[in-house]
Amino acid sequence: MKTNRGRFFEDYTIGQVIAHAVPRTVSGGERALYHALYPARGALYSSDAFAQSCGLACAPMDDLIAFHTVFGKTVPDVSLNAVANLGYAEGRWLRPVFAGDTLRAVSEVIGLKQNSNGKTGVVYVRTRGLNQRDEPVLEYVRWVMVRKGNPDAPAPDTVVPDLAGAVPAKDLVVPEGLDFTRYDFSEAGEPHRLGDYELGEQIDHVDGVTVEEVDHMLATRLWQNTAKVHFDATNREDGKRLIYGGHVISLARALSFNGLANAQMIVGLNAGAHVSPLFAGDTVRAWSQVLDIAPTAAPGVGAIRLRLVAVKHGTPAFSLKGADGKYAQGVLLDLDYWALMPL
Amino acid sequence: MKTNRGRFFEDYTIGQVIAHAVPRTVSGGERALYHALYPARGALYSSDAFAQSCGLACAPMDDLIAFHTVFGKTVPDVSLNAVANLGYAEGRWLRPVFAGDTLRAVSEVIGLKQNSNGKTGVVYVRTRGLNQRDEPVLEYVRWVMVRKGNPDAPAPDTVVPDLAGAVPAKDLVVPEGLDFTRYDFSEAGEPHRLGDYELGEQIDHVDGVTVEEVDHMLATRLWQNTAKVHFDATNREDGKRLIYGGHVISLARALSFNGLANAQMIVGLNAGAHVSPLFAGDTVRAWSQVLDIAPTAAPGVGAIRLRLVAVKHGTPAFSLKGADGKYAQGVLLDLDYWALMPL
Amino acid sequence: MKTNRGRFFEDYTIGQVIAHAVPRTVSGGERALYHALYPARGALYSSDAFAQSCGLACAPMDDLIAFHTVFGKTVPDVSLNAVANLGYAEGRWLRPVFAGDTLRAVSEVIGLKQNSNGKTGVVYVRTRGLNQRDEPVLEYVRWVMVRKGNPDAPAPDTVVPDLAGAVPAKDLVVPEGLDFTRYDFSEAGEPHRLGDYELGEQIDHVDGVTVEEVDHMLATRLWQNTAKVHFDATNREDGKRLIYGGHVISLARALSFNGLANAQMIVGLNAGAHVSPLFAGDTVRAWSQVLDIAPTAAPGVGAIRLRLVAVKHGTPAFSLKGADGKYAQGVLLDLDYWALMPL
C-alpha cells in the first residue's frame with residue numbers, strides 16, 4: 001500500500017517528532033493570491049515602501065500565509081483522520097516570512113487522551129514552522145480529535161499538557177527592526193492608535209463577504225492542505241464541501257481591517273475555536289473585542305489582544321455565547337490573538 | 001465609531017485633496033492573476049523578451065492593472081456611498097508600472113453639483129496614481145453620484161469642471177524608450193498595423209466569455225476595491241453581486257485582442273460609461289470602432305483612438321444606441337480610449 | 001476581416017512551419033496559481049531548497065506549466081476549429097523552465113489525412129517550446145481532427161507519420177545537474193524509491209477533487225488557451241463549458257502524488273487520450289500503473305514509465321477498457337508518460 005491513509009489515534013506516542021513533508025517556497029504569487037482570496041488591506045503586507053518605513057526590508061507575507069502554509073504541511077500527518085479541530089494555544093509568530101523564503105514544519109506530540117467511547121482520542125501537537133535557514137518563524141499548539149484505526153488498540157496513558165490561557169505579552173516576539181515611530185496613519189487607512197482602544201471595546205466590522213466553493217478550494221489547495229472534506233463533494237450527502245477553518249480565520253481577519261487597520265502584525269495566537277462549519281453560499285461577517293493592551297520593547301510598537309469573532313450574516317450584532325455558556329447560533333469562529341499596533 | 005462608513009456628498013468640498021490609503025506593491029503574482037482572470041494576450045505584457053525588443057526594460061504590468069489598483073485605492077474615500085459611477089475623462093497613462101513598483105493614489109475634488117432631489121449629488125475627482133518614486137503613473141477624472149448622509153446639509157455651490165471631450169493626441173505620453181521599428185507582428189499575433197485600420201471601421205471581436213461570481217470577486221479583491229455590492233450577496237434581494245465595472249473593461253479589452261492584437265498600450269481614457277450592470281452567468285462579447293488615428297514622436301509608434309463596446313451575448317452585432325439616442329438593450333460598457341500601435 | 005477565425009483543414013500543408021504568437025514570461029505567480037488550481041505537492045516544484053539539494057539552481061516550474069503554456073500558444077493556429085484532440089506521441093521535456101523564462105512555440109505540420117466524410121481531416125503537428133535563449137524546453141507530436149472550411153477543397157495527399165509507440169528510455173533528457181543521491185524522502189513525502197515499484201503495479205490514488213467552472217476557466221486562461229468551448233457557455237445547449245483536456249492531466253497528475261510522490265519530473269509523454277469530456281460538478285479520481293522502469297546516466301536518478309488514468313467518481317477501481325477493447329464508462333484520460341524517480 002503506497003498511498004497515505006493518514007495516522008490514527010493509536011499511531012501517536014508522547015514525545016514523537018514528525019517532520020512534515022514538502023517544504024514550500026513562497027513568493028509574490030502567494031501574496032497576490034492572498035489579496036485575491038481575502039479582502040486583506042493591511043498596509044504593511046501590501047506595500048514594500050510602507051514596510052520599509054516601518055523598519056522592515058520589504059513587505060512580509062501576511063502572517064496567516066505563514067500560518068496556513070505551516071498548518072497545511074501538518075495535515076497529512078496530524079489531521080487526515082481528524083473528526084474535529086478542537087483548539088489552539090501558545091501560538092507565536094517568531095520571524096516574518098518574506099518572498100523567497102522556504103517553509104517547513106515539524107510537530108511534537110505533547111498530549112494524548114482516549115475518549116470514553118473508545119473510538120476516538122485527542123492528540124495534542126506543538127508545531128513549529130522553520131525557514132530555509134532553520135530559523136523558527138512560527139509555533140503553536142493545536143489539538144484534534146482523531147479516529148482510532150483499530151478499535152481494539154489499547155488506550156495510551158492520558159497526558160494532557162498544561163497550556164497557557166494566553167501568551168503573556170512579555171513573551172511576544174517583535175520582528176527585528178520594527179519601528180512604528182514614523183508610522184503613517186493616513187497611508188495605513190485609519191487614525192486609531194493603541195491608546196484609542198479601550199479594554200472591552202467591541203467593534204462591528206460592518207462588511208460581509210459571500211463565500212463560494214471555488215474561493216476556499218483555491219485557498220486550501222494553495223496551502224497544500226490535503227484534507228479530503230474540503231475538495232471532494234462526494235464526502236457529504238449534500239454535495240457540499242466543508243470549508244477549511246483557516247479560511248474563516250483569514251476572512252474574518254481581513255474584514256477586521258475596517259476598524260482595526262492598524263492592528264498590523266499578528267504575533268500571538270492565544271486560543272481559537274472553530275465553533276460551527278461554514279459552507280459556500282453563506283455570507284461571513286466579523287466583530288472584535290479588545291481583551292488586553294501591552295507595551296513592547298520596540299520603538300512606537302504596542303501590543304493589542306483581540307477576540308475576533310466570525311459570524312454568519314443574520315446573526316445579531318456581537319453574538320457570542322448564550323446564557324447557558326454555549327455559543328450562539330451563527331457563530332463560526334472565536335479567535336483570541338495578539339497583534340502589534342502603533343502607540 | 002472606528003469603522004469607515006465612507007464619505008457622503010456633504011463631506012466633499014472643492015479643492016479638497018484626499019490621499020488614499022494602503023499603498024500597494026505589484027509583482028509577477030498580480031500579472032499571473034490578470035492572465036488567469038481575463039483572456040488577455042497582449043505580447044508586450046506577456047513577454048519580457050517582446051517588451052525588450054520594443055525598447056522597454058521588461059514587460060510592464062497591464063495598463064489596466066495600474067488603473068484598477070489606483071481606482072481601488074479611491075473607493076473607500078470616493079465611492080463607498082456612490083449610487084452610480086457616471087463617467088471618466090482626461091485619463092492618461094504617464095509611465096509604465098513594473099513588477100516591484102508600489103502604487104498609491106491621491107484625488108482632488110474638482111466639481112460638486114447637488115441633484116434637484118436633494119438626496120444625492122455628483123462629485124468630480126481628478127485622481128492621480130504615483131509610484132514609490134512619487135512619479136505619476138496615471139491620472140483621470142471620474143464623477144460619481146453620491147448619497148447625502150444628512151438630507152438637511154446645505155447644497156454646495158455648483159461647480160462643474162470643463163472637461164475635454166477627448167485627450168488630444170499631442171498630450172498622450174509615450175513610455176520612454178518605446179520603439180516599434182523592430183516590432184514582430186508574428187509574435188504579437190496579428191499582421192495589422194496602424195495604416196491597416198480605417199476611421200470608422202468596426203471590428204466584431206467574435207469571442208465571448210461567461211462570467212462567474214468567483215471571477216469578479218477575485219479580481220475586485222485583488223485591486224483592494226472595497227465596494228460592498230461586489231462581495232456581499234445580502235445587499236440585493238436576488239442574492240446576486242453587482243460586478244465591478246472595471247471588470248467589464250478588462251474583459252472587453254482582453255476580448256478585443258482578436259482584431260486589435262497590436263493596439264498594445266493604453267495611453268488615454270477619453271470617456272467611459274458603465275451602461276448597464278453585468279451579473280454572473282452572463283456571457284460578455286465586445287466590438288470596437290476606430291475613432292481617430294494620430295502619429296506620435298516615438299519611432300514606429302502611432303496612436304489609435306478606439307471605442308470599445310461590451311455587450312451581453314444575444315445583443316445584435318455592433319449594437320450601441322437606438323434612434324432615441326439611448327443605449328440599446330444589452331450594452332454594458334461604452335469606452336473611448338487611446339492605444340499605441342505600430343505604424 | 002481582422003479577426004482570427006482559425007485555420008481549417010485545407011489551410012495546412014506538409015512541412016508548413018507555424019511560429020505561434022504571444023511569447024510568455026512565467027514567474028512565481030504562475031507557480032502559485034498552479035498550486036491553487038491543482039492539489040500539486042511535488043517537493044522539487046514546491047521548494048527552492050529541495051530543488052537545490054537535487055542539484056538544480058532553484059525549483060523549476062511544474063513540467064505541466066511548460067506543457068500548458070506551449071500548448072496554449074498552439075491553439076489559435078492548430079485547434080481553434082478542432083473537433084477533437086486525438087492523441088500525443090514522442091513528447092520530451094528537454095530543459096526545466098524557471099521563473100523569469102520566456103516561452104514561445106513553433107509547430108511543423110508532419111501529417112495530413114482527410115476523413116472519408118470529406119468534412120474533416122486529421123492534422124499531425126510536431127510542436128517545440130523554446131525559451132528566451134532559443135533553447136528547446138519541450139517537444140511533442142499531437143494530432144487533432146479539424147473541420148474543413150470549404151467542403152469542396154481538394155483532399156491533400158495522405159501522410160501519416162510513423163510515430164514511436166513510446167519514447168525509448170535512452171532518449172529521455174535528464175536536466176543538467178540533477179542528482180538524487182542526497183534525495184530526502186522524508187521531505188518529499190513518501191519512502192518509495194524506484195526499486196519499490198514493480199512492473200504492472202497499480203496504485204489507486206485515493207483522493208478526489210470536485211471541479212467547478214471557475215477552476216478550469218482560470219487555468220485555461222492562464223495558459224492563454226483561446227479555444228472558445230472552454231469559456232463561452234453559449235456554445236452548448238446545456239450551458240456547460242467543456243473543460244480543457246490539459247486541466248484533467250494536471251488534476252490527475254497532482255492526485256497521483258498520493259502513492260507516487262517521488263515520481264518527480266515528467267520527462268517523456270508517450271501517448272495520451274482524452275477519452276471522455278469532464279464537466280463542472282464532476283469529481284475526478286485517478287489511478288496509475290507502472291509500465292516500465294529504466295536507469296539514466298544521472299546520479300541516483302531512474303526513470304519510471306507510468307500509465308495515469310483519470311476517472312469520474314463512481315467508476316469502479318482501476319477501470320480502463322472493457323472486453324470489447326473500448327474505454328469503460330467514466331474514464332476521462334489515459335496518459336502514458338515517463339517521470340524521473342530516485343533509485
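**Exercise 1. Find the partner of C:Arg221 in chain B and describe the link.**

Step 1. Look at the side chains: C:Arg221 and B:Asp215 meet in a salt bridge, at 3.4 Å from N to O. The rule for a salt bridge is a side-chain nitrogen of Lys or Arg within 4 Å of a carboxyl oxygen of Asp or Glu. Side chains of opposite charge can pair when their charged atoms come close.

Step 2. Before going on, a word on the ground rules: this is a predicted model, where local features need pLDDT of at least 70, side-chain atom pairs count only at pLDDT 80 or more, and totals for chains, interfaces and linings use all residues. Residues are numbered from 1 along each chain as its sequence is written, chains are lettered from A and ligands numbered from 1 in the order in which they are written, and side-chain values use heavy atoms, with hydrogens and water left out.

Step 3. Now widen the view to the whole border. Between chain C and chain B the count is five salt bridges.

Step 4. Ask which parts of chain C face chain B. Strand 2 (24-25), helix 1 (28-37), strand 4 (102-114) and helix 6 (213-222) of chain C each supply at least two residues to that side. Helix 6 gives the most, with six residues. (Helices are DSSP runs of H or I, at least four residues, and strands are runs of E, at least two, numbered from the N terminus.)

Step 5. Sort the residues on that side of chain C: twelve are nonpolar, nine polar and nine charged. Here Ala, Val, Leu, Ile, Met, Phe, Trp, Tyr, Cys and Pro count as nonpolar, Asp, Glu, Lys and Arg as charged, and the others, Gly among them, as polar.

**Exercise 2. Work out how much area chain C and chain A bury between them, and which residues of chain C supply it.**

Step 1. Start with contacts, meaning heavy atoms within 4.5 Å. On this border, 44 residues of chain C touch 30 residues of chain A.

Step 2. Get the area: about 2,800 Å² is buried between the two chains, 56% of it on carbon and sulfur atoms. Buried area is the accessible area (1.4 Å probe) that two parts lose on being put together, summed over both.

Step 3. Pick out the big contributors. C:Ala36, C:Arg41 and C:Glu187 supply 20% of the area that chain C buries against chain A, more than any other three residues.

Step 4. Check the charged pairs. Five salt bridges cross this interface, and A:Arg221 and C:Asp215 meet in a salt bridge at 3.3 Å, N to O.

Step 5. Finish with the elements. On the side of chain C that touches chain A, helix 1 of chain C gives the most, with seven residues. That side divides into 18 nonpolar, 15 polar and eleven charged residues.

**Exercise 3. Trace three salt bridges inside chain C and say what each one links.**

Step 1. Take C:Arg92 and C:Glu139, whose closest N and O atoms are 3.2 Å apart. C:Arg92 lies in strand 3 (residues 82-93) and C:Glu139 in strand 6 (residues 136-147) of chain C, so the pair ties together parts 47 residues apart in sequence. C:Arg92 is partly exposed at 21% relative accessibility, while C:Glu139 is buried at 9%. (Buried means under 20% relative accessible area, exposed over 50%, partly exposed in between, with a 1.4 Å probe and protein chains only.)

Step 2. Next, C:Asp134 pairs with C:Arg104, with 2.7 Å between the closest N and O atoms. C:Asp134 sits in the loop between strand 5 (120-130) and strand 6 of chain C, and C:Arg104 in strand 4, 30 residues apart. C:Asp134 is partly exposed at 48%, and C:Arg104 is partly exposed at 25%.

Step 3. Last, C:Lys312 pairs with C:Asp282 at 3.7 Å. C:Lys312 is in strand 11 (residues 301-312) of chain C, and C:Asp282 in the loop between strand 9 (265-274) and strand 10 (283-295), 30 residues apart. C:Lys312 is partly exposed at 28%, but C:Asp282 is buried at 19%.

**Exercise 4. Place C:His205 and list what it touches.**

Step 1. C:His205 is in the loop between strand 7 (202-204) and strand 8 (209-210) of chain C.

Step 2. C:His205 is buried, with a relative accessible area of 0%.

Step 3. Leaving out residues up to four places away in sequence, C:His205 touches A:Thr3, C:Leu255, C:Ser256, C:Asn258, C:Leu260, C:Ala286, C:Trp287 and C:Ser288.
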